[in-house]
Amino acid sequence: MNTLGCQNRWTAWMPKGGGVTACLMLLFFIPSIGSADIRFEEVSKQSGVYHLHSTAASAWGDVNGDGWPDLWVSNHWHQHPSLYLNQQDGTFLDIAADVIVGDLPADFHGAAWVDFDNDGDQDLFVTTGGGGGEASCPNYLFVNQGGRLRDEAARFDLDYPYGRGRTPLWFDADRDGKLDVLLMNRFRPGGNAPSAIFLQGENRFVPANDRLKFYPSGQRSLKEKGMDLFTNMINFRFKLRAGAIKPAEVFPLLGDLIGDRHLDLVSFVKPMRAYSVVDVPFEEITAGLGLPNASGVQDAVIEDFNGDHQMDIFLARSSYFWGVNQVGPSTLKGMMRLGNVTDSQTIQFKSRGDVTFRLYTPWVDPSAPQQSLPQVAIGDRLPIPIDGTPVRLNQDDPSIHQAPRTTDRVGIAISYDPDQHLWQLKSVLPYFNVVISATHPIEQLDRVGFNNSDGPRTDTLLINGPKGFKISEDSGNSGSKTASWSVVAGDFDNDMDMDLYLVCAGLAQNLPNILLKNDGSGNFTKVADAGGAAGSELGIGNQVVSADYDRDGFLDLFVTNGAGNPPFSNEGPHQLFRNLGNENHWLEIDLQGTASNRDAIGAVIELEAGGVTQIRNQGCGIHSFSQNHQRIHFGLGPNPQANRITIRWPSGVMSELEAISADQILHMTEPPPAQ
C-alpha cells in the first residue's frame, strides 16, 4: 500500500456554492469507455464464510488493522455472530468466539465499523431489537483493544435498550471533529424510544435531537407529544409512555444532494426527509428537492449514475414482511410454502393420502415477557404447541374429520373432509409460516381472506437536475419490479460508471438476485444470471455488502439469505462472490482525517482520468442495516493513471494529487489547514 499523505498538494479551500465548472459539465457528453463483462464466481465454502441460519446485517471493516477487509455478520434471533478475519490468501477464519469479550445473547441488527475514539483501530457498533419490541435489549459498542472487542455501550451511554434499533450511521453532526452516531429505530407497541442522534462528548454520548432540530418523522418536538424524551432517563434506560410517537425509520444515508460538496443527511421514511448538516441546528431541505412520497423503500444508494457530477438516488422497493402473505412455488409435487399467513384466514386444498404440516410462529426474544406458545387443534385431538414439529396426518384417521374451533389459546385449527377430500386450515394468529407436504399432488388451493402478496413495488431511479430530483423515464431495467430488499452500487467492471446489484426475495421463497450494468448515462441493462452472482435458492434474500476483499482492484460481494422468520430464514447461506475482473485499471483510496474525524466521513472525492471525472462521497458505507467497506474505489477503464485526485475533507481543507499511477491502494492523510 502506498502512503502518499505527505506528498499531497493542498489548499485551504472552502466551497462557495453548489455546482461544478462549465468545463466539467461538458464531460457529461463523453461516453463511458473501457466497458467489459462483469463476472463473479461463488467462493463461499472454499473461503470459509459459509454458514446457514437467520441473518440481520453484515459490515466490512478491519478489526486487526492490517489493511485487509474483515467481515462481521449479525446472525439473527440470538444466534452467535460471525466475525470473519481475512487471511490475505482468499480465505477467512471466524474469530468471533476468540476476540469478543463476554457473552452475546443479543438480538443483533444493524452494524457499522468506525474509529470513533481516534485511537487508530476500528471499533464496532451493533444495534439490537429491543426485546422484539416487547421488552429491552441494549445496543453493543465493541471497543477495539488490540484486536479484542469489549462491549462498552453502557459506559458511553449508547446502550439505549428500548430503542429497537435498526441502522446506525456515524458522522460528525456538530462539526467538532469527533464522530457522533444516529440510531435509527423501529416503532414498538405501547411507546417508543425514537430514532436519535447521540453527540460524542467526554467519554459519553448525549442525545441531541432538539439541539440539532432533527425530527425524521416530521414531529417538530417530542415534548409537544407529552414525551420529554431526554429527561425521562435513568442511566439512559428509557421509560416508555403509552401513546408516544411511533416512527418507523429503518435506515439513513449521507450524500451531497445539492451539489455544494457537503454531505446531506437523508432519513428514509414515508415521505423521505433530507437535512443539510453543515451547521447546527440542521436545516431541513426536503421541500426543495422534489423527493417522491415513495412507499416500501427497503434500501437505497446515492451515487452519480449518469455522469453529470450530481448525486442521484436509487430506491429499492418491495413489500414489507409484516401484514403481507405469499404462497411459495411448489418445487415438488405435493409441496407448498406459505409465508405470513395472517389473522382470520383459511387455507383449503385437496389431496389424497398423507399430509404433513410444519407450523411456525414468529420468533420470540428471550428477553421479552414470556408467553406460552400458541396451539394448533387437529380434529378432535387435544391441542399441541405450534413449534415447527412435523405433524403427519392420514386422511383415513377419523380423529381429524371433525372441524375444531379456534380460541385465544388455540390459534390454528386443522381438519379433513373425507367426502370432498378437502383439507382446511383456519387461523386467528397475527401471522405464521407453514410448509405443507403431501404424498399425493396438492390441488385446488383456495384462500379465504388470504390474498397472495401484491408483489414488489417498482424500483425507482431519481435523477438529480436543476429543479431537484425527477423519476427517470429512460433508465432501462432500473425501473422494474424486482422484489429487492438490499442494494449496492459499484463500478463492478471498472469501466468508469456505477452499476447496481440487488438482493431479491419473496416471503416464502428466494428469488434470483439482479445485476444491472450501467452504460454510463444512467441507462441500465440486466446481466444474465447476475454475472454468476444470482445467489441461492435457499433461504430468503437479506443483505448485500461490497468490498475488494482480495485487493485485486475489483469489487466483490457478500450476500446473506436469512431474512424473515423460520423456517425459511434458517435455510439461508452466507455467500461470497469474487469478482473475476478484466483488463481495466483501478484506484482505491483510504482516507485518514486529522482535523476531521479519523474516518473522514463527510469527505467528497473527485478523480479525473481519460477526460472523465468521477465523484464519490465518503458516507461511512452505510445502507439499510449494513455497511460496505469504507475504502473508496474507482474504475479507470483503459487509463494507466489518474490525472488528478481532489479531496474535500469534512473540515473544508482541500487535498490535490496529480499523475497517479493506476492499480494501487493509496493512503491519503488530511493536511493541516493553511495558516
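This is a short conversation about strand E6, its residue Asn86 and the cysteines in a predicted model.

Student: Why is Asn86 called buried?

Tutor: Buried means under 20% relative accessible area. Asn86 has 3% relative accessibility, so Asn86 counts as buried.

Student: Where does Asn86 lie?

Tutor: Asn86 lies in strand E6, which covers residues 82–86.

Student: What makes E6 largely enclosed by the rest of the structure?

Tutor: Here we look at the whole strand. Because 5 of the 5 residues of E6 are buried, the strand is largely enclosed by the rest of the structure.

Student: Which residues of E6 point one way, and which the other way?

Tutor: Ser82, Tyr84 and Asn86 point one way, while Leu83 and Leu85 point the other way. In a regular strand, side chains alternate between the two faces of the sheet. In E6, the residues pointing either way are all buried.

Student: How do you know that E5 and E6 pair?

Tutor: Two strands pair if at least two bridges are found between them. Strand E5 (residues 70–75) is joined to E6 by 3 bridges, so these two count as paired, and they run antiparallel. Within this pair, Val73 stands opposite Ser82. The two strands form a hairpin with 6 residues between them, and Trp77 in the turn has a positive phi of about 60°.

Student: What about E6 and E7: how many bridges do they pair over?

Tutor: Good one to try with the rule you just used! E6 and strand E7 (residues 92–94) pair over 3 bridges, again in the antiparallel sense. Here Asn86 stands opposite Phe92. This hairpin has 5 residues between the strands, and Gln88 takes a positive phi near 70°.

Student: What makes the side chain of Asn86 and the backbone oxygen of Pro69 a polar contact?

Tutor: The cut-off for such a pair of N or O atoms is 3.5 Å. The Asn86 side chain reaches the backbone oxygen of Pro69 at 2.9 Å, so the distance is within that cut-off. The side chain of Asn86 also reaches the backbone oxygen of Tyr549 at 2.9 Å. Leaving aside neighbours within four places in sequence, the residues in contact with Asn86 include Asp66, Trp68, Asp70 and Thr91.

Student: Now the cysteines. Why do Cys504 and Cys620 count as buried?

Tutor: Cys504 has 0% relative accessibility, so this residue counts as buried. Cys620 is also at 0% relative accessibility, and therefore counts as buried.

Student: How many disulfides are there?

Tutor: A disulfide needs a pair of cysteine sulfur atoms within 2.5 Å. By this rule, the count comes to 0 disulfides.

Terms used
Residues are numbered from 1 along each chain as its sequence is written. This is a predicted model: local features need pLDDT of at least 70, side-chain atom pairs count only at pLDDT 80 or more; totals for chains, interfaces and linings use all residues. Side-chain values use heavy atoms; hydrogens and water are left out. Helices (H or I, at least four residues) and strands (E, at least two) are DSSP runs, numbered from the N terminus. Buried means under 20% relative accessible area, exposed over 50%, partly exposed in between (1.4 Å probe, protein chains only). A polar contact is a pair of N or O atoms within 3.5 Å; within protein, one must be able to donate a hydrogen and the other to accept it, and residues adjacent in sequence count only if both atoms are side-chain atoms. Contact means heavy atoms within 4.5 Å.
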